[in-house]
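Reader: Hi! Could you take a close look at one single spot in this model, and then work outwards from it so that I can place it in the whole?

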Amino acid sequence: MIKLYKEGRAWIEINRENLHHNIRILQSLLPSECHLMPAVKANAYGHGAVLIAKELNACGVKSCCVATVAEGAELRKNGVEGEILVLGYTHPEQFSILEQYNLIQTVVDYSYAKLLDIYGAKVKVHLKIDTGMHRLGMDCENMAEIIRVFGCNNLVVEGIYTHLCASDDTAPRGREYTYLQGKKFYRVLAQLERNGYPCPKIHLQSSYGILHYPELAGDYARPGIALYGVLSSRRDLPQAGVPLSPILSVKARVVLVKSLSRGESAGYGLQYVADKDKKIAVLSIGYADGIPRSLSFGGGNVLVGSGIAPIIGSVCMDQMLVDITDIPDVSQGDVAVVIGRSGDREISVYDLAEQEGTITNEILSRLGNRLERVLISGISD
Ligand SMILES: *Cc1c(COP(=O)(O)O)cnc(C)c1O
(Lines give C-alpha, C1' and ligand atoms only; values in the text may rest on other atoms or scores of the structure.)
Protein backbone atom coordinates (compact mmCIF):
# COMPACT_ATOMS: atom_id res chain seq x y z
CA MET A 1 0.00 0.00 0.00
CA ILE A 2 1.28 3.42 -0.90
CA LYS A 3 0.58 6.02 1.72
CA LEU A 4 0.66 9.43 0.11
CA TYR A 5 1.33 12.52 2.14
CA LYS A 6 -1.51 14.90 1.47
CA GLU A 7 -0.84 18.07 3.42
CA GLY A 8 1.89 20.57 3.86
CA ARG A 9 3.90 23.02 1.78
CA ALA A 10 7.03 20.89 1.41
CA TRP A 11 8.17 17.71 3.07
CA ILE A 12 10.52 14.74 3.06
CA GLU A 13 9.31 11.20 2.54
CA ILE A 14 11.40 8.39 3.99
CA ASN A 15 10.91 5.00 2.38
CA ARG A 16 10.86 2.37 5.09
CA GLU A 17 11.45 -0.64 2.81
CA ASN A 18 14.50 0.97 1.24
CA LEU A 19 15.93 1.72 4.68
CA HIS A 20 15.45 -1.90 5.69
CA HIS A 21 17.02 -3.00 2.40
CA ASN A 22 20.12 -0.86 3.05
CA ILE A 23 20.43 -2.18 6.60
CA ARG A 24 20.32 -5.74 5.26
CA ILE A 25 22.90 -5.03 2.57
CA LEU A 26 25.36 -3.36 4.95
CA GLN A 27 24.93 -6.10 7.54
CA SER A 28 25.45 -8.75 4.86
CA LEU A 29 28.90 -7.30 4.10
CA LEU A 30 29.92 -7.73 7.74
CA PRO A 31 30.32 -10.77 9.97
CA SER A 32 27.17 -11.40 11.97
CA GLU A 33 28.98 -10.55 15.25
CA CYS A 34 29.63 -7.03 13.93
CA HIS A 35 26.69 -4.81 14.81
CA LEU A 36 25.63 -1.70 12.97
CA MET A 37 25.98 1.54 14.91
CA PRO A 38 24.62 3.94 12.30
CA ALA A 39 25.49 7.63 12.30
CA VAL A 40 22.29 9.61 12.85
CA LYS A 41 24.12 12.89 13.45
CA ALA A 42 23.02 16.11 11.75
CA ASN A 43 19.37 15.06 11.91
CA ALA A 44 20.30 11.72 10.33
CA TYR A 45 21.93 13.48 7.39
CA GLY A 46 18.76 15.51 6.99
CA HIS A 47 16.47 12.49 7.02
CA GLY A 48 15.06 13.11 10.53
CA ALA A 49 17.05 11.68 13.42
CA VAL A 50 14.16 10.62 15.65
CA LEU A 51 12.27 8.98 12.81
CA ILE A 52 15.37 7.12 11.56
CA ALA A 53 16.62 6.09 15.01
CA LYS A 54 13.20 4.76 16.00
CA GLU A 55 12.95 2.80 12.78
CA LEU A 56 16.44 1.40 13.44
CA ASN A 57 15.27 0.36 16.91
CA ALA A 58 12.20 -1.26 15.37
CA CYS A 59 14.28 -3.44 13.09
CA GLY A 60 16.67 -4.57 15.78
CA VAL A 61 19.57 -2.13 15.42
CA LYS A 62 20.50 -1.45 19.04
CA SER A 63 23.20 1.23 18.73
CA CYS A 64 23.66 4.52 16.94
CA CYS A 65 26.02 7.47 17.05
CA VAL A 66 25.50 11.23 17.05
CA ALA A 67 27.84 14.20 16.82
CA THR A 68 26.65 16.13 19.86
CA VAL A 69 25.27 15.58 23.32
CA ALA A 70 22.17 17.61 22.38
CA GLU A 71 21.48 15.27 19.49
CA GLY A 72 21.72 12.32 21.87
CA ALA A 73 19.39 13.95 24.40
CA GLU A 74 16.86 14.71 21.66
CA LEU A 75 16.75 11.04 20.67
CA ARG A 76 16.22 9.91 24.27
CA LYS A 77 13.47 12.49 24.88
CA ASN A 78 11.68 10.95 21.92
CA GLY A 79 11.99 7.41 23.18
CA VAL A 80 15.00 6.09 21.29
CA GLU A 81 16.48 3.07 23.05
CA GLY A 82 19.80 1.26 22.96
CA GLU A 83 23.32 2.63 23.00
CA ILE A 84 23.94 6.18 21.81
CA LEU A 85 27.57 7.20 21.31
CA VAL A 86 28.47 10.89 21.16
CA LEU A 87 31.28 11.13 18.60
CA GLY A 88 32.23 14.74 19.31
CA TYR A 89 33.45 16.88 22.19
CA THR A 90 31.02 17.62 25.02
CA HIS A 91 31.68 20.66 27.21
CA PRO A 92 32.18 19.81 30.92
CA GLU A 93 29.15 21.96 31.79
CA GLN A 94 27.11 19.42 29.81
CA PHE A 95 28.49 16.22 31.36
CA SER A 96 25.33 15.91 33.44
CA ILE A 97 23.36 15.46 30.21
CA LEU A 98 25.43 12.36 29.44
CA GLU A 99 24.38 10.93 32.77
CA GLN A 100 20.78 12.07 32.58
CA TYR A 101 20.17 10.50 29.17
CA ASN A 102 22.48 7.51 29.43
CA LEU A 103 24.78 8.53 26.59
CA ILE A 104 28.26 7.22 25.86
CA GLN A 105 30.93 9.92 25.49
CA THR A 106 33.97 9.78 23.23
CA VAL A 107 37.28 10.44 25.00
CA VAL A 108 38.95 12.87 22.60
CA ASP A 109 42.33 13.03 24.38
CA TYR A 110 43.96 12.33 27.74
CA SER A 111 43.29 15.70 29.38
CA TYR A 112 39.64 15.26 28.42
CA ALA A 113 39.60 11.85 30.10
CA LYS A 114 40.76 13.55 33.30
CA LEU A 115 37.97 16.12 33.04
CA LEU A 116 35.41 13.35 32.65
CA ASP A 117 36.98 11.47 35.56
CA ILE A 118 36.65 14.37 38.00
CA TYR A 119 33.02 15.02 37.02
CA GLY A 120 32.07 12.76 39.89
CA ALA A 121 29.63 10.20 38.53
CA LYS A 122 30.46 7.15 36.45
CA VAL A 123 30.54 8.00 32.74
CA LYS A 124 30.40 5.46 29.92
CA VAL A 125 33.04 6.17 27.30
CA HIS A 126 34.59 4.95 24.08
CA LEU A 127 38.24 5.92 23.56
CA LYS A 128 39.03 7.52 20.24
CA ILE A 129 42.43 6.65 18.84
CA ASP A 130 44.03 8.90 16.24
CA THR A 131 45.67 6.59 13.72
CA GLY A 132 46.35 9.23 11.10
CA MET A 133 43.36 11.46 10.47
CA HIS A 134 44.71 13.97 12.97
CA ARG A 135 41.28 15.07 14.07
CA LEU A 136 39.93 13.72 17.39
CA GLY A 137 41.55 11.02 19.45
CA MET A 138 44.59 10.02 21.47
CA ASP A 139 47.77 9.57 19.48
CA CYS A 140 48.15 5.85 18.75
CA GLU A 141 51.88 6.10 19.51
CA ASN A 142 51.27 7.36 23.02
CA MET A 143 50.51 4.08 24.79
CA ALA A 144 51.37 5.52 28.18
CA GLU A 145 48.47 7.99 27.99
CA ILE A 146 46.07 5.47 26.49
CA ILE A 147 46.81 3.07 29.35
CA ARG A 148 46.39 5.83 31.92
CA VAL A 149 42.78 6.34 30.77
CA PHE A 150 42.05 2.82 31.99
CA GLY A 151 43.17 3.97 35.40
CA CYS A 152 40.46 6.66 35.57
CA ASN A 153 38.09 5.21 38.16
CA ASN A 154 34.98 7.03 37.03
CA LEU A 155 35.31 6.07 33.37
CA VAL A 156 33.55 2.94 32.24
CA VAL A 157 35.50 2.13 29.09
CA GLU A 158 33.06 0.22 26.89
CA GLY A 159 34.67 0.78 23.52
CA ILE A 160 37.72 1.89 21.59
CA TYR A 161 37.67 3.14 18.03
CA THR A 162 39.39 4.97 15.25
CA HIS A 163 38.24 6.72 12.08
CA LEU A 164 39.55 5.92 8.63
CA CYS A 165 40.21 9.04 6.60
CA ALA A 166 40.99 7.62 3.16
CA SER A 167 38.76 4.56 2.89
CA ASP A 168 36.84 6.12 0.00
CA ASP A 169 40.04 6.12 -2.05
CA THR A 170 40.67 2.74 -3.64
CA ALA A 171 43.85 3.81 -5.42
CA PRO A 172 47.10 2.38 -3.95
CA ARG A 173 47.78 5.51 -1.87
CA GLY A 174 44.38 5.31 -0.13
CA ARG A 175 44.60 1.54 0.36
CA GLU A 176 48.06 1.72 1.89
CA TYR A 177 47.03 4.49 4.24
CA THR A 178 43.89 2.66 5.31
CA TYR A 179 45.78 -0.55 6.03
CA LEU A 180 48.37 1.45 7.94
CA GLN A 181 45.60 2.98 10.06
CA GLY A 182 44.21 -0.50 10.68
CA LYS A 183 47.64 -1.80 11.66
CA LYS A 184 48.26 1.06 14.09
CA PHE A 185 44.86 0.52 15.68
CA TYR A 186 45.41 -3.22 16.15
CA ARG A 187 48.83 -2.51 17.61
CA VAL A 188 47.18 -0.37 20.30
CA LEU A 189 44.77 -3.20 21.06
CA ALA A 190 47.59 -5.74 21.27
CA GLN A 191 49.55 -3.56 23.66
CA LEU A 192 46.51 -3.07 25.87
CA GLU A 193 46.07 -6.80 26.03
CA ARG A 194 49.75 -7.35 26.79
CA ASN A 195 49.43 -4.92 29.70
CA GLY A 196 46.46 -6.82 31.07
CA TYR A 197 43.65 -4.43 30.18
CA PRO A 198 40.40 -6.03 29.10
CA CYS A 199 39.85 -5.14 25.47
CA PRO A 200 36.56 -3.25 25.09
CA LYS A 201 34.35 -3.27 21.96
CA ILE A 202 36.16 -2.04 18.86
CA HIS A 203 35.08 -0.22 15.68
CA LEU A 204 36.79 1.41 12.71
CA GLN A 205 34.56 1.50 9.67
CA SER A 206 32.20 4.13 8.37
CA SER A 207 30.34 3.65 5.07
CA TYR A 208 33.33 3.40 2.76
CA GLY A 209 35.20 1.30 5.29
CA ILE A 210 32.38 -1.26 5.22
CA LEU A 211 32.14 -1.19 1.44
CA HIS A 212 35.83 -1.27 0.60
CA TYR A 213 37.36 -2.93 3.68
CA PRO A 214 34.87 -5.45 5.10
CA GLU A 215 37.86 -7.35 6.51
CA LEU A 216 38.40 -4.51 9.02
CA ALA A 217 35.10 -5.30 10.76
CA GLY A 218 35.11 -5.05 14.55
CA ASP A 219 32.32 -5.31 17.10
CA TYR A 220 30.53 -2.37 15.51
CA ALA A 221 30.53 -0.48 12.22
CA ARG A 222 29.36 3.12 11.85
CA PRO A 223 27.68 3.62 8.47
CA GLY A 224 26.26 7.04 7.71
CA ILE A 225 25.75 8.01 4.11
CA ALA A 226 25.40 4.42 2.82
CA LEU A 227 22.60 3.68 5.25
CA TYR A 228 20.67 6.44 3.52
CA GLY A 229 21.18 4.62 0.24
CA VAL A 230 23.68 6.89 -1.46
CA LEU A 231 27.42 7.44 -1.56
CA SER A 232 29.18 10.75 -1.34
CA SER A 233 29.55 11.01 -5.08
CA ARG A 234 28.14 9.18 -8.06
CA ARG A 235 31.54 8.16 -9.36
CA ASP A 236 32.02 5.93 -6.30
CA LEU A 237 29.04 3.74 -7.19
CA PRO A 238 30.73 1.24 -9.55
CA GLN A 239 33.57 0.58 -7.12
CA ALA A 240 31.21 0.01 -4.19
CA GLY A 241 29.22 -2.43 -6.29
CA VAL A 242 26.22 -2.90 -3.99
CA PRO A 243 22.63 -2.01 -4.85
CA LEU A 244 21.83 0.52 -2.14
CA SER A 245 18.48 2.32 -2.46
CA PRO A 246 18.02 6.01 -1.67
CA ILE A 247 15.44 6.37 1.06
CA LEU A 248 14.62 10.08 0.83
CA SER A 249 12.40 12.11 -1.46
CA VAL A 250 11.86 15.86 -1.21
CA LYS A 251 8.48 17.12 -2.36
CA ALA A 252 6.92 20.56 -2.62
CA ARG A 253 3.48 21.91 -3.30
CA VAL A 254 2.53 23.75 -6.46
CA VAL A 255 0.87 26.80 -4.89
CA LEU A 256 0.14 28.82 -8.03
CA VAL A 257 0.17 28.41 -11.79
CA LYS A 258 0.39 31.58 -13.84
CA SER A 259 1.15 32.94 -17.28
CA LEU A 260 4.06 35.13 -18.25
CA SER A 261 4.04 37.14 -21.47
CA ARG A 262 7.12 37.37 -23.63
CA GLY A 263 9.42 40.06 -22.18
CA GLU A 264 8.09 39.85 -18.61
CA SER A 265 10.46 39.00 -15.79
CA ALA A 266 9.96 36.63 -12.88
CA GLY A 267 11.65 36.49 -9.51
CA TYR A 268 14.15 38.83 -7.87
CA GLY A 269 16.41 41.17 -9.75
CA LEU A 270 14.81 41.17 -13.23
CA GLN A 271 17.37 38.57 -14.14
CA TYR A 272 14.97 36.09 -15.65
CA VAL A 273 13.03 37.43 -18.62
CA ALA A 274 10.63 35.24 -20.63
CA ASP A 275 11.87 34.86 -24.20
CA LYS A 276 8.36 33.81 -25.28
CA ASP A 277 4.95 33.40 -23.67
CA LYS A 278 5.34 31.03 -20.75
CA LYS A 279 3.43 29.18 -18.10
CA ILE A 280 5.13 29.01 -14.73
CA ALA A 281 4.44 27.34 -11.40
CA VAL A 282 5.31 28.67 -7.93
CA LEU A 283 6.57 25.95 -5.55
CA SER A 284 6.59 26.39 -1.79
CA ILE A 285 10.17 25.37 -1.09
CA GLY A 286 13.34 27.44 -1.10
CA TYR A 287 16.91 27.78 0.05
CA ALA A 288 15.90 27.99 3.72
CA ASP A 289 14.68 24.43 3.22
CA GLY A 290 18.12 23.47 1.94
CA ILE A 291 17.56 23.79 -1.80
CA PRO A 292 20.89 25.14 -3.10
CA ARG A 293 20.75 28.52 -4.84
CA SER A 294 23.08 27.11 -7.46
CA LEU A 295 19.99 25.42 -8.94
CA SER A 296 18.72 28.88 -9.96
CA PHE A 297 18.41 29.97 -13.60
CA GLY A 298 18.01 26.52 -15.08
CA GLY A 299 20.72 24.94 -12.94
CA GLY A 300 18.19 22.42 -11.70
CA ASN A 301 14.82 20.87 -12.49
CA VAL A 302 11.84 19.42 -10.68
CA LEU A 303 9.45 16.66 -11.72
CA VAL A 304 5.89 17.90 -11.95
CA GLY A 305 2.82 16.67 -13.79
CA SER A 306 4.10 14.41 -16.52
CA GLY A 307 7.27 16.37 -17.21
CA ILE A 308 10.51 17.96 -16.10
CA ALA A 309 10.33 21.65 -15.26
CA PRO A 310 13.48 23.80 -15.19
CA ILE A 311 13.90 26.17 -12.25
CA ILE A 312 13.72 29.77 -13.47
CA GLY A 313 14.90 32.91 -11.74
CA SER A 314 16.79 32.56 -8.51
CA VAL A 315 15.72 30.16 -5.79
CA CYS A 316 14.13 32.30 -3.04
CA MET A 317 14.20 31.66 0.69
CA ASP A 318 10.79 30.00 0.87
CA GLN A 319 9.73 29.54 -2.73
CA MET A 320 10.96 28.93 -6.23
CA LEU A 321 9.62 29.24 -9.75
CA VAL A 322 9.63 26.58 -12.45
CA ASP A 323 8.84 26.68 -16.16
CA ILE A 324 5.88 24.42 -17.01
CA THR A 325 5.16 25.80 -20.49
CA ASP A 326 5.55 22.37 -22.06
CA ILE A 327 3.74 20.44 -19.33
CA PRO A 328 -0.03 20.57 -19.82
CA ASP A 329 -1.35 18.96 -16.67
CA VAL A 330 -0.12 21.04 -13.72
CA SER A 331 -2.48 22.79 -11.32
CA GLN A 332 -2.56 24.40 -7.90
CA GLY A 333 -2.21 21.83 -5.12
CA ASP A 334 -0.18 19.39 -7.20
CA VAL A 335 3.03 17.93 -5.82
CA ALA A 336 6.44 18.51 -7.40
CA VAL A 337 9.38 16.18 -6.80
CA VAL A 338 12.57 18.09 -6.00
CA ILE A 339 14.59 14.98 -5.12
CA GLY A 340 13.21 11.54 -5.94
CA ARG A 341 11.33 9.67 -8.62
CA SER A 342 8.16 10.19 -10.58
CA GLY A 343 7.29 7.41 -12.98
CA ASP A 344 10.51 6.48 -14.71
CA ARG A 345 12.12 9.88 -14.21
CA GLU A 346 14.42 10.68 -11.34
CA ILE A 347 16.16 13.70 -9.88
CA SER A 348 18.80 12.31 -7.58
CA VAL A 349 20.74 13.90 -4.77
CA TYR A 350 23.79 13.28 -6.97
CA ASP A 351 22.33 15.72 -9.53
CA LEU A 352 22.03 18.44 -6.87
CA ALA A 353 25.46 17.70 -5.43
CA GLU A 354 27.10 17.91 -8.83
CA GLN A 355 25.38 21.19 -9.64
CA GLU A 356 26.48 22.60 -6.28
CA GLY A 357 29.99 21.18 -6.63
CA THR A 358 29.81 19.25 -3.38
CA ILE A 359 29.12 15.81 -1.93
CA THR A 360 25.69 14.33 -1.28
CA ASN A 361 26.39 14.40 2.47
CA GLU A 362 26.33 18.20 2.43
CA ILE A 363 23.15 18.51 0.35
CA LEU A 364 21.32 16.03 2.57
CA SER A 365 22.50 17.30 5.93
CA ARG A 366 21.51 20.86 5.02
CA LEU A 367 17.88 19.96 4.34
CA GLY A 368 15.96 22.34 6.54
CA ASN A 369 14.07 21.84 9.75
CA ARG A 370 10.89 23.25 8.25
CA LEU A 371 10.48 20.15 6.11
CA GLU A 372 8.32 17.64 7.89
CA ARG A 373 9.72 14.10 7.73
CA VAL A 374 7.20 11.36 7.04
CA LEU A 375 7.76 7.64 6.92
CA ILE A 376 6.09 5.92 3.99
CA SER A 377 5.62 2.26 3.28
CA GLY A 378 5.50 0.61 -0.07
CA ILE A 379 7.27 1.37 -3.29
CA SER A 380 6.66 5.05 -3.84
CA ASP A 381 7.03 6.86 -7.11
C1 LIG B 1 30.10 10.86 10.36
C2 LIG B 1 30.91 9.77 10.91
C3 LIG B 1 30.67 8.45 10.49
C4 LIG B 1 29.75 8.10 9.34
O5 LIG B 1 30.41 8.44 8.14
P6 LIG B 1 29.88 8.06 6.69
O7 LIG B 1 31.02 8.35 5.79
O8 LIG B 1 28.71 8.93 6.39
O9 LIG B 1 29.51 6.63 6.70
C10 LIG B 1 31.38 7.45 11.13
N11 LIG B 1 32.28 7.73 12.11
C12 LIG B 1 32.56 8.98 12.50
C13 LIG B 1 33.58 9.23 13.56
C14 LIG B 1 31.89 10.05 11.90
O15 LIG B 1 32.18 11.30 12.28
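Author: Happy to! Let's start with Asn154, which is in contact with Asp117, Gly120, Ala121, Lys122 and Val123 once its neighbours within four places in sequence are left aside. This is a predicted model, so please read every contact and distance here as a property of that prediction. Asn154 is found in the loop that links helix 7 (143-150) to strand 8 (155-161). Is Asn154 buried or exposed? Its relative accessible area is 18%, and since buried means under 20%, Asn154 counts as buried. One of its contact partners also offers a polar atom: the side chain of Asn154 reaches the backbone oxygen of Asp117 at 2.8 Å.

Another loop residue is worth a look at this point. Thr90 has its place in the loop between strand 4 (83-86) and helix 5 (95-100). With a relative accessible area of 1%, Thr90 is buried. Not counting residues up to four places away in sequence, Thr90 touches Val69, Phe95, Leu98, Gln105 and Tyr112. Gln105 is also its partner in a polar contact, in which the two side chains are joined at 2.5 Å.

Now for a residue in a helix. Tyr179 is found in helix 8 (residues 172-194), and a relative accessible area of 34% makes Tyr179 partly exposed. Beyond the residues up to four places away in sequence, Tyr179 touches Tyr213 and Glu215. To get a sense of distance across the model, take Val273: it is 94 residues from Tyr179 along the chain, and their C-alpha atoms are separated by 56 Å.

That brings us to the domains. The protein is divided into domain 1 (16-235) and domain 2 (248-347), and 41 Å separate the centres of the two, taken over C-alpha atoms. What lies between them? The largest nonpolar core has 115 residues, and Ile52, Ile285 and Val302 touch the most other members. Both domain 1 (16-235) and domain 2 (248-347) give residues to this core, so it lies between them. As a general point, nonpolar side chains tend to be buried together in soluble globular proteins. Val302 shows how many partners one member of the core can have: leaving aside its neighbours within four places in sequence, its contacts include Leu283, Ile308, Ile311, Met320, Val322, Val338 and Ile347. There is also a second, separate core of eight residues, with Tyr272, Ile280, Val282 and Leu321 among them.

Polar side chains can be buried here too, and Glu13 is an example: its relative accessible area is 3%, so it counts as buried. Glu13 has its place in strand 1 (residues 10-15). Which side chains make polar contacts with the side chain of Glu13? One partner is Trp11, at 3.1 Å, and another is Lys251, at 3.0 Å. Ser96, by contrast, is 83 residues from Glu13 in sequence and 35 Å away in space, C-alpha to C-alpha.

Since you may well care about the ligand, let's stop there as well. The residues around the ligand are Ala39, Lys41, Tyr45, Leu87, Arg135, His163, Ser206, Ser207, Arg222, Pro223, Gly224 and Ile225. Tyr45 contributes through its side chain, where an N or O atom is 2.5 Å from an oxygen atom of the ligand. Gly224 and Ile225 come in through the backbone: an N or O atom of Gly224 lies 2.7 Å from a ligand oxygen, while the distance for Ile225 is 2.8 Å. On its own the ligand has 390 Å² of accessible area, and the protein covers 89% of that.

Finally, here is the whole frame around these spots. The secondary structure comes to twelve helices and 20 strands, and the C-alpha atoms fill a box of roughly 80 × 45 × 45 Å along the principal axes. Of the 381 residues in the protein, 53% are buried, a group that takes in Asn154, Thr90 and Glu13. Among contacts between residues at least 6 apart in sequence, 64% join residues at least 24 apart. The accessible surface is about 16,800 Å², and 50% of it belongs to carbon and sulfur atoms.

How values were computed: Residues are numbered from 1 along each chain as its sequence is written. This is a predicted model: local features need pLDDT of at least 70, side-chain atom pairs count only at pLDDT 80 or more; totals for chains, interfaces and linings use all residues. Side-chain values use heavy atoms; hydrogens and water are left out. A nonpolar core is a set of buried Ala, Val, Leu, Ile, Met, Phe, Trp, Tyr and Cys residues joined through side-chain atoms within 4.5 Å. Buried means under 20% relative accessible area, exposed over 50%, partly exposed in between (1.4 Å probe, protein chains only). Domain bounds come from an automatic or database domain assignment. Contact means heavy atoms within 4.5 Å. A residue is near a molecule or strand if one of its heavy atoms lies within 4 Å of it. A polar contact is a pair of N or O atoms within 3.5 Å; within protein, one must be able to donate a hydrogen and the other to accept it, and residues adjacent in sequence count only if both atoms are side-chain atoms. Accessible areas come from the Shrake-Rupley method with a 1.4 Å probe; for residues, only the protein chains shown count as cover. Helices (H or I, at least four residues) and strands (E, at least two) are DSSP runs, numbered from the N terminus.
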